[in-house]
Amino acid sequence: MVIYGGSRQSGKMIDGSLKAMIIMTLFQKFLIGGILVAAAGASTYETHKVLKLRGQFQMFQSQQTPLIEQIRHEQSTYINTTNQLAALVTKNKQLQASQSPDALLKLRIEAAQLKAAAGQKENDPDESVANLWLNRVAGLKQYAEKHPDEKIPEFQFLTTREWLLLVDPNEPTDYGMAMQELKDQAQGKFAGLVQDALQKYSESNNGQFPADLSQLQSYCDSNVAEILQQRYEIKPVSILSANTIKDREIKSSQVIAGKHTISSLSANHIAIFAGGYTYYW
């Protein structure tokens, strides 16, 4: 009986343990299931968040594409402009060496327009170039006014073209060199006026050369006649070399010569005759 009674108690204990194990197992399954459900929910949320961010990034990329293309276009335009400007600067230097004034002036205008277009896109490039060029010319004229010893009366015959040729909107002006060049240009312009007067006198006087400069007064403007009296004199053609006389086909026995050198940097004097003018030491 004791054995039988002990068996029933053991059976009850076993039944209790089984129930506990079952309850524990069910609880573990419930707990694991909850964790899995939570994990799945978190994963779904993160996935949704990633997809949302990806969509926003793609939208941002689509908005930036036109801006990037515009920047690339501006960069390409700037590079092309600077390349053209560099090429024009090279040609500018080549033309300076070959002394082609009209082509040089045209090239300087083109170079200045490109520089203005590259640096001031919001403004009118032509207006910027014009202002820049006029400012350089104004600066050169102001320098001439402040240094009267650098001026000569022949300056009055210079045109805007001569002043423009002596400034470069792309480079600082060398006033000293510009003034020397202006003197040369001014005397060349004056020589052309005197040449015309000599031709008219020769035609009216059987091919003769005037014995005195005052005889040219009726064949030229009063300003030309005044400067002739002040700064020029009649000299024998022999002051020129035999080769110059031959090459220039000078027929007269005399020429009109400048009393002063053409500039402080040169020892040359100008000599004017009916067919043109030349220089001598």
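This passage describes the fold, the C-terminal strands, selected residues and the enclosed spaces of a predicted protein model.

Residues are numbered from 1 along each chain as its sequence is written, and side-chain values use heavy atoms, with hydrogens and water left out. Because the model is predicted, local features need pLDDT of at least 70 and side-chain atom pairs count only at pLDDT 80 or more, whereas totals for chains, interfaces and linings use all residues.

The protein has seven helices and four strands; these are DSSP runs numbered from the N terminus, with helices (H or I) of at least four residues and strands (E) of at least two. Along the sequence, the elements follow the pattern α-α-α-α-α-α-β-α-β-β-β. Of the 281 residues, 29% count as buried, where buried means under 20% relative accessible area, exposed over 50%, and partly exposed in between (1.4 Å probe, protein chains only). Among contacts with a separation of 6 or more, residues 24 or more positions apart account for 57%, a contact being defined by heavy atoms within 4.5 Å.

Strand S3 (residues 269–273) and strand S4 run antiparallel and are joined by five bridges; two strands pair if DSSP finds at least two bridges between them. The connection from S3 to S4 is a hairpin through two residues. His269 has Tyr280 of S4 as its bridge partner. Side chains alternate along S4 (residues 276–280): Gly276, Thr278 and Tyr280 point to one face and are buried, while Tyr277 and Tyr279 point to the other and are not.

Tyr279, located in S4, counts as partly exposed because its relative accessibility is 28%. Leaving aside neighbours within four places in sequence, Tyr279 is in contact with Asp184, Ile262, Asn268, His269 and Ile270. With Asp184, the side chain of Tyr279 forms a polar contact of 2.8 Å. Such a contact is a pair of N or O atoms within 3.5 Å; within protein, one atom must be able to donate a hydrogen and the other to accept it, and residues adjacent in sequence count only if both atoms are side-chain atoms. The C-alpha atoms of Tyr279 and Leu240 are 8.2 Å apart, although 39 residues separate the two in sequence. The C-alpha atoms of Ser241 and Tyr280 are 8.0 Å apart, again with their positions 39 residues apart in sequence. Ser241 itself lies in the loop between strand S1 (232–236) and H7, and is partly exposed, with a relative accessible area of 38%.

Gln180 occupies a place in helix H5 (residues 175–204). With a relative accessible area of 9%, Gln180 is buried. Not counting residues up to four places away in sequence, Gln180 touches Glu150, Ser263, Ser264 and Leu265. The side chains of Gln180 and Ser264 are joined by a polar contact of 3.1 Å.

Two loop residues have a positive phi without being glycine. Asn206, with a phi of about 55°, lies in the loop between H5 and helix H6 (222–231). Its relative accessible area is 77%, so Asn206 is exposed. Glu249, with a phi near 55°, is found in the loop between helix H7 (242–247) and strand S2 (254–258). Glu249 is likewise exposed, at a relative accessible area of 58%.

Rolling a probe the size of a water molecule over the atoms shows where empty space is left. On a 1 Å grid over the protein atoms alone, a cavity is a set of points where a 1.4 Å probe fits but cannot get out, and a pocket is an open set with protein on both sides within 12 Å along at least five of seven lines; lining residues have an atom within 4 Å of a point. Grid points are joined across faces, edges and corners, and a volume is the space filled by probe spheres set on the points.

A search of the whole structure finds one cavity of 30 Å³ or more. The largest cavity holds about 40 Å³ of space and is lined by Glu154, Gln187, Arg231, Tyr232, Gly258, Lys259, His260 and Thr261. This lining divides into one nonpolar, four polar and three charged residues, with Ala, Val, Leu, Ile, Met, Phe, Trp, Tyr, Cys and Pro counted as nonpolar, Asp, Glu, Lys and Arg as charged, and the others, Gly among them, as polar. The second largest pocket contains about 200 Å³ of space. Of the 13 residues that line the second largest pocket, Ser202, Gly207, Lys251, Ser252 and Ala274 lie nearest its centre. The lining of this pocket comprises six nonpolar, five polar and two charged residues.
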